[in-house]
Amino acid sequence: MSDPTKSVPINSSEITPKDLYLSRRDFLKAMGIVTAGSLLAACAPKKPIQAANSTPAGLTVSQATDELGNALNSYDQITHYNNFYEFSTGKEEVATLSRDFKTSPWQVEVTGLVNKPAIFGLDDLTRLFPQEERIYRLRCVEAWSMVIPWQGFSLASLLKIVEPTSDAKYVRFETLLDTQQMPGANSPFYPWPYQEGLRLDEAYNDLVILATGLYGEALPPQDGAPIRLVVPWKYGFKSIKTIVKIELTADQPATLWSAIAPNEYGFYANVNPQVDHPRWSQSTERRIGELSRRETLMFNGYAGQVADLYTGMDLAANY
Ligand code: MTE
C-alpha cells in the first residue's frame, strides 16, 4: 500500500476556481441546462433571505424552504437537538458538552483501495472543492426529522481525486475517538469508533455531500464539526459526524449500529415508510417544531434521484 502521508498530487487543471465554477453554473442556467447536481441551487433567488425567526442575526441562506416547499428548521433547533453519542445520548445536552471540542488542526485520511491515498487538511478540502449550499431533509430512524441548509462539497469529487481501484466496492467512514474530549465515548456499551459505510455507487450519487457548514457558518461541534457526511435519502445514522478516515474496501464494512442490533439497523438504511423498525412504525414522522405528524416519503422524498440504485433489490430484506 502506498504512503498516505504524502500530500495529494493534484493538477491545477483539476481544480475549478470558485469564480469560474459560479460563472459556469450561471451559463448552464441561462442555457436551461440543469444537472441533478445543480437542481437545488438553480432555484435559489439571487439575494439571501433570513430564513427563520430564531436564527441568530447575520446567518443567512439563499432559500427559506427545501425543493418541496418545507420550511427550514431554525438554527437553534438544528444545533440543540442532536444525536452524537460520543458526547451524550441526551439530545439536548450535546451542544453544551461539545462546546469546547477542538476542531483545528484537522486531517482526514483517505486510504484503502485507491491509487492515490492522501491525508487532507481541512483547509485543503475546502480550498480544493467548491462549497455549495444544499438544503436537505434529515429523517432520523427515531421518526423525527428536520430541514437543514448545509454547506459542503460532493463526496464524489473527493473520491475521483484519490482514484478508487477496480477492486473498491464500498466506502467506509470513521469518526474521531477521543475519550478525553468526548465523554460519551467512555461508555463500554458501544463498539467505538463510530463507523459507517456506503456502496461505491451510492457514494458517487450527486446528493451525497461532505458538509463543513450550516446556515452559512462553520459546522458547530454538535452537528459533526469540522466535517460530516450527509446522505439525505437514508436514515440519519448513516450521516456520520466528525470524520477522520475514509477507506475504500472490497467488502461491505461493519457499521456501529448494525454491529449492535443487526435486526434493527441494516447496512442500507434507506428511508422506507413500508418497512417498520421492529419496535415502531416508520410510516410517519415528527418534524421538529411541528405538532402534527407527517407522512414519511419513500427515500425521504429523493426517489427520483436514487431509486435506480436499488433496481432488483428486495428493500424489505435489504433494509
Ligand atoms: N455520528 C457520530 N459519530 N455519532 C453519532 O452518535 N448519530 C447519528 C448521525 N451521525 C451520530 C452520528 C444519528 S442517529 C443522527 S439522526 C444524525 O447524526 C443526527 O445529526 P444531527 O444531530 O446533526 O441532526
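Modeller: Happy to start with a term: two strands pair if DSSP finds at least two bridges between them, and strands are DSSP runs of E with at least two residues, numbered from the N terminus. This is a predicted model, where local features need pLDDT of at least 70, side-chain atom pairs count only at pLDDT 80 or more, and totals for chains, interfaces and linings use all residues. Residues are numbered from 1 along each chain as its sequence is written, and side-chain values use heavy atoms, with hydrogens and water left out.

Colleague: Thanks! In what order do the five strands of the open sheet run?

Modeller: The pairing in this sheet is mixed. Strand 2 (118–121) and strand 6 (195–199) are the edges, each pairing on one side only. The order is 2-1-10-5-6.

Colleague: Which residue of strand 6 is the bridge partner of Tyr-170?

Modeller: Strand 5 covers residues 170–175 and pairs with strand 6 in the antiparallel sense, over five bridges. Within strand 6, the partner of Tyr-170 is Arg-199.

Colleague: And at what distance does a polar side-chain atom of Glu-86 lie from a nitrogen atom of the ligand?

Modeller: Glu-86 is among the residues that come nearest to the ligand, alongside Tyr-85, Arg-228, Ser-239 and Lys-241. For comparison, an N or O atom in the side chain of Asn-82 is 3.0 Å from a ligand oxygen. For Glu-86, the distance to the ligand nitrogen is 2.8 Å.

Colleague: How many residues of the ligand's shell are charged?

Modeller: Asp, Glu, Lys and Arg count as charged, Ala, Val, Leu, Ile, Met, Phe, Trp, Tyr, Cys and Pro as nonpolar, and the others, Gly among them, as polar. The shell, whose residues have a heavy atom within 4 Å of the ligand, holds six nonpolar and five polar residues. The charged ones number four.

Key. Helix = DSSP H or I, 4+ residues; strand = E, 2+ residues; numbered from the N terminus. Polar contact = N/O pair within 3.5 Å; in protein donor to acceptor, adjacent residues only side chain to side chain.
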